[in-house]
Amino acid sequence: MTDTTHRPAAEGRWAADETSSTQQGPKGGLRPPESRGRTTIADSVAEKIVGMATREVPGIHNLGSGMARTIGGVRERVPGAQPSVTRGVHVEVGERQAAVDVDVVVDYGFPIVDVAADVRVNVISAMERMTGLEVVEVNIAVDDIDLPGGEDEGGDRLE
C-alpha cells in the first residue's frame, strides 16, 4: 500500500513546519483541507487500474499466462461470475512509486513492439493520473499470440 499524503500541487504552498504539532498555515490557521490526513492505495486497486488500461489498447487479445487464462476461462463460465480484471497483472506499490508487471496475449498482425509501447503509455498515464504515483517501470511479458480462427485457451476475446 502507499501513502500519498503530499499532493504535488500542494507542496511548497505553506511555509509551516511539517513536523510541528499544530501544522498551521500562513495566517495562523490550519493547513488546507486537501493536505490533512493520509491516503493509502492498495496494490489490488492499482492492479485493477492497470488491467483496465491494458485492455483498452488495440492488439491486446487477453491477459495472463497460459494456466491463469485457462483457470480464469473456467471461472468466468460459472453463472454470475465476473471476469477478472487483474488476471495477469501484478503491481508493487511503494510510498510514492509503483512497478508494474503484465502478462499479455497479442492479436496476430499487430506489431508486438508497438502494442507493448502503447500498453506502457496507457498504463503509466492511467496510474499517474488516478493515483498520483510515479510508475518507475512497466514490464510486459508476451505469453502468446492469438491466431485468426484459432481457439484461445482462456476463453473469448476481451471486449
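Okay, one definition before anything else: when I call a residue buried, I mean under 20% relative accessible area, and exposed means over 50%, with partly exposed in between. With that cut-off, Arg87 counts as buried, because its relative accessibility is 8%. Keep that arginine in mind, since I'll come back to it.

One caution as well: what you're looking at is a predicted model.

So, the overall layout. We've got 3 helices and 6 strands in the chain. Reading from the N terminus, the order goes β-β-α-β-α-β-β-α-β. There are 159 residues, and 35% of them are buried. Now look at who touches whom. If you take contacts between residues at least 6 apart in sequence, 74% of those join residues at least 24 apart. As for the outside, the accessible surface is about 9,600 Å², and carbon and sulfur atoms account for 53% of that.

Let's go to strand E5, residues 97–107, where I'll spend most of my time. How many of the residues of E5 are buried? It's 8 of the 11, so the strand is largely enclosed by the rest of the structure.

Who are the partners of E5? Start with E3, residues 60–63: it runs antiparallel to E5, and 3 bridges join the two. If you want a spot to click on, Ile60 sits opposite Val106 in E5.

Then there's E4, residues 89–93. E4 pairs with E5 over 5 bridges, in the antiparallel sense. Val91 has Val100 in E5 as its bridge partner. E4 and E5 make a hairpin, and 3 residues lie between them.

And then E6, residues 134–146. In which sense do E5 and E6 pair, parallel or antiparallel? Parallel, over 11 bridges. An example there is Asp101, whose bridge partner in E6 is Asn139.

One general reminder while we're on strands: in a regular strand, side chains alternate between the two faces of the sheet.

Now zoom in on Gln97, in strand E5. Gln97 counts as partly exposed, because its relative accessibility is 39%. Leaving out neighbours within four places in sequence, Gln97 is in contact with Glu92, Leu133, Glu134 and Val136. Leu133 is 36 residues away along the chain, yet the C-alpha atoms of Gln97 and Leu133 are 5.1 Å apart. With Glu134 there's a side-chain to side-chain polar contact of 3.1 Å from Gln97.

Glu92, from that contact list, is in strand E4. Setting aside its neighbours within four places, Glu92 is in contact with Gln97, Ala98 and Ala99. You can also look from Glu92 to Glu47: those two are 45 residues apart along the chain, and their C-alpha atoms are separated by 8.9 Å.

Right, back to Arg87. Where is Arg87 found? In the loop between helix H2, which is 66–76, and strand E4. What does the side chain of Arg87 make a polar contact with? The side chain of Asn62, at 3.0 Å. So for Arg87 we have a loop position, 8% relative accessibility, which puts it in the buried class, and that contact to Asn62.

There's another buried loop residue worth a click, and that's Ser35. Ser35 sits in the loop between strand E1, 2–3, and strand E2, 40–41. Its relative accessibility is 12%, so Ser35 counts as buried too, given the under 20% cut-off. A polar atom of the Ser35 side chain lies 3.0 Å from the backbone oxygen of Pro32.

Last stop, the surface. Rotate until you find Tyr108, Ile112, Val142, Ile145 and Leu147: together they make a nonpolar surface patch of about 440 Å². Leu147 belongs to the segment after strand E6. Is Leu147 exposed or partly exposed? Partly exposed, because its relative accessible area is 48% and exposed would need over 50%.

To wrap up, three places to revisit on your own screen: E5, with 8 of its 11 residues buried; Arg87, with its side-chain contact to Asn62; and the nonpolar patch that includes Tyr108 and Leu147. Thanks, everyone.

Methods
Residues numbered from 1 in each chain as written. Predicted model: local features only at pLDDT ≥ 70, side-chain atom pairs only at ≥ 80, totals over all residues. Heavy atoms only, no water. Helix = DSSP H or I, 4+ residues; strand = E, 2+ residues; numbered from the N terminus. Buried < 20%, exposed > 50% of the residue type's maximum accessible area, 1.4 Å probe, protein only. Contact = heavy atoms within 4.5 Å. Areas by Shrake-Rupley, 256 points an atom, 1.4 Å probe, with all protein chains shown as cover. Patch = residues over 30% accessible without salt bridge, like charges linked within 9 Å, V, L, I, M, F, W, Y side chains within 5 Å. Salt bridge = Lys/Arg side-chain N within 4 Å of Asp/Glu carboxyl O. Polar contact = N/O pair within 3.5 Å; in protein donor to acceptor, adjacent residues only side chain to side chain. Pairing = 2+ DSSP bridges.
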